[in-house]
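Work through the exercises below with the sequence and the structure side by side, and try each task before reading its solution.

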Amino acid sequence: MAPVTLAPSPITPTVDFDRDGVQHGFLRLPYSRDDSAWGSVMIPITVVRNGSGPTALLTGANHGDEYEGAVALFDLAQTLNADRVAGRVIIVPAMNYPAFQAGTRTSPIDKGNLNRSFPGRPDGTVTQKIADYFARELLPLADLVMDIHSGGRTLDFVPFAAAHILPDKDQEARCFAAVAAFAAPYSMRMLEIDAVGMYDTAAEELGKTFVTTELGGGGTGRAETIAIAKRGVCNVLRHAGILTDGQASDGQPAEASRWLDMPSADCFRFAEDSGLIEACVDLGHPVRKGDLLARIHPIGRTGLAPSEYRAALDGILAARHFPGLVKAGDCIAVVGTVED
Ligand SMILES: [Zn+2]
């Protein structure tokens, strides 16, 4: 079968990735619509380069309602000088920019979930075009890829950096070394329940050192989790030798990161009922197998018993459903096991 030749990306960068110094610009994606006939989506991007050396590609707001990454990276883009860098840092604080502008997980233009749209298409929807540009143009430039997530409006997490178990053990070791360097309060060996189409997978398949995070949630950023994001990004850039000033542990609390594992799908609890959720454990608290995690009260009438959701293994509550009302199928709790 002849190889499929894809059309060029319609996205035009207004920055030169090979130029030394600091450049602030855009990834311009043509998007013709009612209020702008020859209009474009303008995705902000900063490139900081100083000579030869490794390249880091840093992204936030892959999901538009996750804020720690966006705050840390808009701040880094505004403050990073080229003389602090050896190599290149490419910063896209709001990767799915239409979703970020709308404050929603998915794009209001096409309902695209960017992190389920890889490898994307140059002739697809706006979200698919963004995915295609990252897959074919930006990821190949990078040695280190860091994508900063949080829980968004519907989930809340204990703050952790994470990487995946990978078939290439050398690559896996590089990824977990970068997770350790991030030095979040928790470090996770992450199991994905829905890995098809993820940016993570696209980066890992290209052999990149890939780090992701979950740093809170609820559709906002907190002072503590934003500080973790800012510190973690600089820690990983120093670990990679790209950021040349300061110490890898600058501002980091003395206690070590706790390693968590997600050994199987038993970590997840999904609602089988709709209703009013009663949290029985808070984030970060220890649980034993069989402990009550949450109850869901029917809300149609009084006098009905709540349904109960229990831990299937020992660990800590690593994530929870954030809104007070829950629908059948919602992920209501994730238990992470604690490594010794
Ligand atoms: Zn996310």
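**Exercise 1.** Find which residues the ring pairs link into a cluster, and work out how the rings of Y97 and F100 are arranged.

*Solution.* The model is a predicted one. Begin with the cluster, in which ring pairs join Y67, F74, Y97 and F100. A pair of aromatic rings is described by two values, the distance of the centres and the angle of the planes. The count of aromatic pairs comes to 9. For Y97 and F100 the ring centres are 6.1 Å apart and the planes stand at 35°, so this pair is tilted, because the angle lies neither under 30 degrees, as for stacked rings, nor over 60, as for edge-to-face ones. Next, place the pair in the chain: Y97 and F100 are 3 residues apart in helix α2 (residues 97-102), and are therefore separated by about one helical turn. Finally, Y97 is buried, its relative accessible area being 17%.

**Exercise 2.** Determine which residues coordinate the zinc ion, and where H63 and H149 lie in the chain.

*Solution.* First list the donors: H63 (ND1), E66 (OE), E66 (OE) and H149 (ND1) coordinate the zinc ion at 2.1 to 2.3 Å. The angles subtended by these 4 donor atoms run from 58 to 146°, which makes the arrangement irregular. Along the chain the donors follow the spacing H-x2-E-x82-H. Since H63 lies in the loop between β4 (55-60) and α1 (68-79), while H149 belongs to strand β6 (residues 144-149), the pair ties together parts that are 86 residues apart in sequence. As a last step, check accessibility: H63 is buried at a relative accessible area of 3%, and H149 counts as buried at 4%.

Note on methods:
Residues numbered from 1 in each chain as written. Predicted model: local features only at pLDDT ≥ 70, side-chain atom pairs only at ≥ 80, totals over all residues. Heavy atoms only, no water. Donors = N, O, S within 2.8 Å, 3.2 Å for Na, K, Ca; no water. Tetrahedral: all angles 85-135°; square planar, octahedral: opposite > 155°, others 65-115°. Helix = DSSP H or I, 4+ residues; strand = E, 2+ residues; numbered from the N terminus. Buried < 20%, exposed > 50% of the residue type's maximum accessible area, 1.4 Å probe, protein only. Phe/Tyr/Trp six-rings, centres within 6.5 Å; stacked < 30°, edge-to-face > 60°.
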